[in-house]
Amino acid sequence: MRRKISIVYKILVICLLATGILLNTMKTISIISLLSYYTLQSNIICLIAFIYFVYLEITKKERTNKYYLIKGAITIAIFITIVVYTIALLPNQFEMDFFHRTAVYKTIANLLVHIISPILIIMDYFFFDKKGNLKNSYIGYWLIIPLSYMTYVYLYSYFGGRFYNIGGSRKFAYFFLDYEKIGYIGIAKWILLITISIILVSHLFVYIDSKLSK
């Protein structure tokens with residue numbers, strides 16, 4: 001019964017992720033621009049991962065270290081999405097696309113990719129995963145998604161990519177990555193702060209996982 005509930009729950013998450021991604025990419029100046037935000041990239045990564053998780057559930061495959069490494073990575077990645085949005089972006093009235101202010105379904109899409117889907121993804125771990133399998137040695141791998149995104153943004157901008165947001169940066173998506181506005185020292189401070197925060201949250205995640213296993 002628990003496995004069946006897990007499958008249904010994961011399929012629900014997949015549907016919400018797909019809906020959020022689809023609604024966000026409708027009626028926009030540039031789909032590539034929208035798909036270049038960390039929010040949508042992290043949602044897409046989670047979508048692919050959850051399809052894989054459903055496959056594992058249906059085929060009753062054994063959970064290996066690879067599974068827990070991936071599960072931890074996407075949980076941390078999507079946790080960053082919800083935290084950065086609520087703490088740093090929402091107070092600045094940030095919108096990924098200026099059409100968000102004119103289309104009701106864009107508001108729904110915004111909630112799906114920034115709040116609803118991330119919460120459900122995080123809760124999937126607490127509801128269904130066997131505890132005690134996350135390791136501190138995984139944390140370095142969990143940094144790959146957020147740190148590689150920063151590299152992507154600068155490459156995207158270098159080759160002429162632009163963002164059409166409200167309250168953000170046209171060249172670098174997010175204000176804390178815009179060295180033209182806050183300087184190189186400014187972005188270095190933000191990147192250092194984000195990196196340290198991810199490491200601390202990851203260690204806390206592993207600690208909670210260990211405690212819940214007892």
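## Lysine 10 and its surroundings

Lysine 10 touches Phe50, Phe53, Val54, Glu57, Asp124 and Phe128, leaving aside residues up to four places away in sequence; touching, or contact, means heavy atoms within 4.5 Å. This is a predicted model, in which local features need pLDDT of at least 70 and side-chain atom pairs count only at pLDDT 80 or more, while totals for chains, interfaces and linings use all residues. Residues are numbered from 1 along each chain as its sequence is written, and side-chain values use heavy atoms, with hydrogens and water left out.

You will find lysine 10 in helix 1. Helices here are DSSP runs (H or I, at least four residues), numbered from the N terminus. At 1% relative accessibility, lysine 10 counts as buried. For that label, buried means under 20% relative accessible area, exposed means over 50%, and partly exposed is in between (1.4 Å probe, protein chains only).

## Salt bridges at lysine 10

Two of the residues that lysine 10 touches, Glu57 and Asp124, deserve a look of their own. Lysine 10 forms a salt bridge with glutamate 57, with the closest N and O atoms 3.8 Å apart; the term stands for a side-chain nitrogen of Lys or Arg within 4 Å of a carboxyl oxygen of Asp or Glu. Lysine 10 lies in helix 1 (residues 2-25) and glutamate 57 in helix 3 (residues 38-59), so this pair ties together parts that are 47 residues apart in sequence. Glutamate 57 is buried, as is lysine 10.

Aspartate 124 also forms a salt bridge with lysine 10, and here the closest N and O atoms are 3.0 Å apart. Because aspartate 124 lies in helix 5 (residues 104-128) and lysine 10 in helix 1, the pair ties together parts that are 114 residues apart in sequence. Aspartate 124 is buried too.

## Other salt bridges

Searching the whole structure gives 6 salt bridges. One joins the side chains of glutamate 180 and lysine 171, at 2.7 Å from N to O. Glutamate 180 counts as partly exposed because its relative accessibility is 48%, and lysine 171 counts as partly exposed at 23%. As for the wider picture, salt bridges that share partners join Lys10, Glu57, Arg63, Lys71, Asp124 and Asp129 into one network.

## Where helix 4 crosses helix 8

Helix 4 (residues 65-89) and helix 8 (residues 179-212) have axes that come within 11 Å and cross at roughly 130 degrees. The axes are lines fitted to C-alpha atoms, for helices over the stretch in contact, with angles running from 0 to 180 degrees between N-to-C directions. Helix 4 and helix 8 are therefore oblique to each other: angles under 35 degrees count as roughly parallel, over 145 as roughly antiparallel, 65 to 115 as roughly perpendicular, and the rest as oblique. Their crossing is right-handed, that is, the near helix is turned clockwise from the far one by less than a right angle, whereas anticlockwise would make it left-handed.

On the helix 4 side, Gly72, Thr75, Ile76, Phe79 and Ile80 meet Ile198, Val201, Ser202 and Phe205 of helix 8. Sorted by class, this contact has 6 nonpolar, 3 polar and no charged residues. In this scheme Ala, Val, Leu, Ile, Met, Phe, Trp, Tyr, Cys and Pro count as nonpolar, Asp, Glu, Lys and Arg as charged, and the others, Gly among them, as polar.

## Where helix 3 crosses helix 7

The axes of helix 3 and helix 7 come within 11 Å, crossing at roughly 135 degrees. Helix 3 and helix 7 are therefore oblique to each other, and their crossing is right-handed. Tyr38, Gln41 and Ile45 in helix 3 meet Ile145, Pro146, Tyr149 and Tyr152 in helix 7. By class, the residues of this contact are 6 nonpolar, 1 polar and no charged.

## Loop residues to look at

Lysine 60 has a positive phi of about 55 degrees, although it is not a glycine. Lysine 60 sits in the loop between helix 3 and helix 4, and at 61% relative accessibility it counts as exposed. Alanine 173, likewise not a glycine, has a positive phi of about 70 degrees. Alanine 173 belongs to the loop between helix 7 (144-158) and helix 8, and with 0% relative accessibility it counts as buried.

Serine 137 is in the loop between helix 5 and helix 6 (139-142). At 52% relative accessibility, serine 137 counts as exposed. From C-alpha to C-alpha, serine 137 and isoleucine 80 are 20 Å apart in space, and they are 57 residues apart in sequence.

Methods
Helices (H or I, at least four residues) and strands (E, at least two) are DSSP runs, numbered from the N terminus.
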